[in-house]
Amino acid sequence: MDLIHEAMDEIEKKTCVRFQRLKSDHGVKNFVHFTATNPLGGCWSSVGMDTRRSQVMNLQKPECWDKGVILHELVHNIGFYHEHQRPDRDNYIDVLYRNVRPDIEAHQFSKFPPHKVVDTGIPYDLDSIMHYDTHAFGIVDETGHPLPTILQKPPNQAQMILPIWARPYLSPLDAAEINHIYAGECRKRADLEAKGLL
Ligand SMILES: [Zn+2]
């Protein structure tokens, strides 16, 4: 199984979301178009469905070819932003903007205002596949030592948040959140299946 299917499998195993191979694009506008050689480079995805056009997800080879990274991008793809951008993140982490690489857009670390996000009531999750790690996009000091960009709040500052590639799984809270958001859609699908319409 290739890495994209392994990552999809992780989502299907733990949530009610299902991916479908597009059999024909006749009349279908909102599918996901995977690319691996976008001139912009990088690992990125549009967030959520666009009913008017296809979504693009770029997994540049070889740097994005990692199950955790692909899983992270797939979760963006199905509509989720970064965990460390939650409006309540300041209760759990400190973001050290001064250590963020200058070529990285700082808005990847900025907080969303509460009205921009859906509050599912699910607690903040440092283990989320959507949470950046301690040294994400950080600079190094003059001795080559990586500097942190995200620290847990005292007294847990020394506790590392692992890189996504080291934990290529949906956390239990990730799965709960996806199931919560998709509950209505999944119920609709189950009804259609029960009626033999799918
Ligand atoms: Zn991301």
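How many Å separate the centres of domain 1 and domain 2, taken over C-alpha atoms? The answer is 22 Å. Keep in mind as you look around that this is a predicted model.

**Two domains and where they meet**

Let's start with the layout. The domain assignment splits the protein chain into domain 1, covering 1-80, and domain 2, covering 81-173. The two do touch: 15 residues of domain 1 are in contact with 10 residues of domain 2.

How much area goes into that meeting? The size of an interface is often given as the accessible area lost when the parts come together. Here, domain 1 and domain 2 bury about 1000 Å² between them, and 73% of that is on carbon and sulfur atoms. Looking for salt bridges across this interface turns up zero. Polar contacts do show up, though, with five residue pairs linked that way across the interface.

Which helices of domain 1 each supply at least two residues to the side that touches domain 2? They are α1 (3-14) and α2 (67-77). Of everything on that side, α2 gives the most, with seven residues. Sorted by type, the residues on this side of domain 1 come out as six nonpolar, five polar and four charged.

**The zinc ion**

Now find the zinc ion. Its protein donors are H72, H76 and H82, each using its NE2 atom, and they lie 2.0 to 2.1 Å from the metal. Along the chain, these donors follow the spacing H-x3-H-x5-H. H72 sits in helix α2, while H82 is in the loop between α2 and β4 (93-95), so this pair, 10 residues apart, links distant parts of the chain.

**Some backbone oddities**

Most residues other than glycine have a negative phi, and most peptide bonds are trans. With that in mind, have a look at a few spots that go the other way. Two of them are cis peptide bonds, listed here:

| Cis peptide bond | Omega | Where the proline lies |
|---|---|---|
| K61 to P62 | about 0° | P62: loop between β3 (55-59) and α2 |
| P154 to P155 | near 5° | P155: loop between β5 (150-152) and α3 (172-194) |

Another spot to check is F137. What is its phi, positive or negative? F137 has a positive phi of about 55°, even though this residue is not a glycine. You'll find F137 in the loop between β4 and β5.

**Back to α2**

One helix is worth a second look on your screen. Helix α2 holds the zinc donor H72, and α2 also gives seven residues to the side of domain 1 that touches domain 2.

Conventions: Residues are numbered from 1 along each chain as its sequence is written. This is a predicted model: local features need pLDDT of at least 70, side-chain atom pairs count only at pLDDT 80 or more; totals for chains, interfaces and linings use all residues. Side-chain values use heavy atoms; hydrogens and water are left out. Domain bounds come from an automatic or database domain assignment. Contact means heavy atoms within 4.5 Å. Buried area is the accessible area (1.4 Å probe) that two parts lose on being put together, summed over both. A salt bridge is a side-chain nitrogen of Lys or Arg within 4 Å of a carboxyl oxygen of Asp or Glu. A polar contact is a pair of N or O atoms within 3.5 Å; within protein, one must be able to donate a hydrogen and the other to accept it, and residues adjacent in sequence count only if both atoms are side-chain atoms. Helices (H or I, at least four residues) and strands (E, at least two) are DSSP runs, numbered from the N terminus. Ala, Val, Leu, Ile, Met, Phe, Trp, Tyr, Cys and Pro count as nonpolar, Asp, Glu, Lys and Arg as charged, and the others, Gly among them, as polar. Donors are N, O and S atoms within 2.8 Å of the metal (3.2 Å for Na, K and Ca); water is not among the atoms, so sites may look incomplete.
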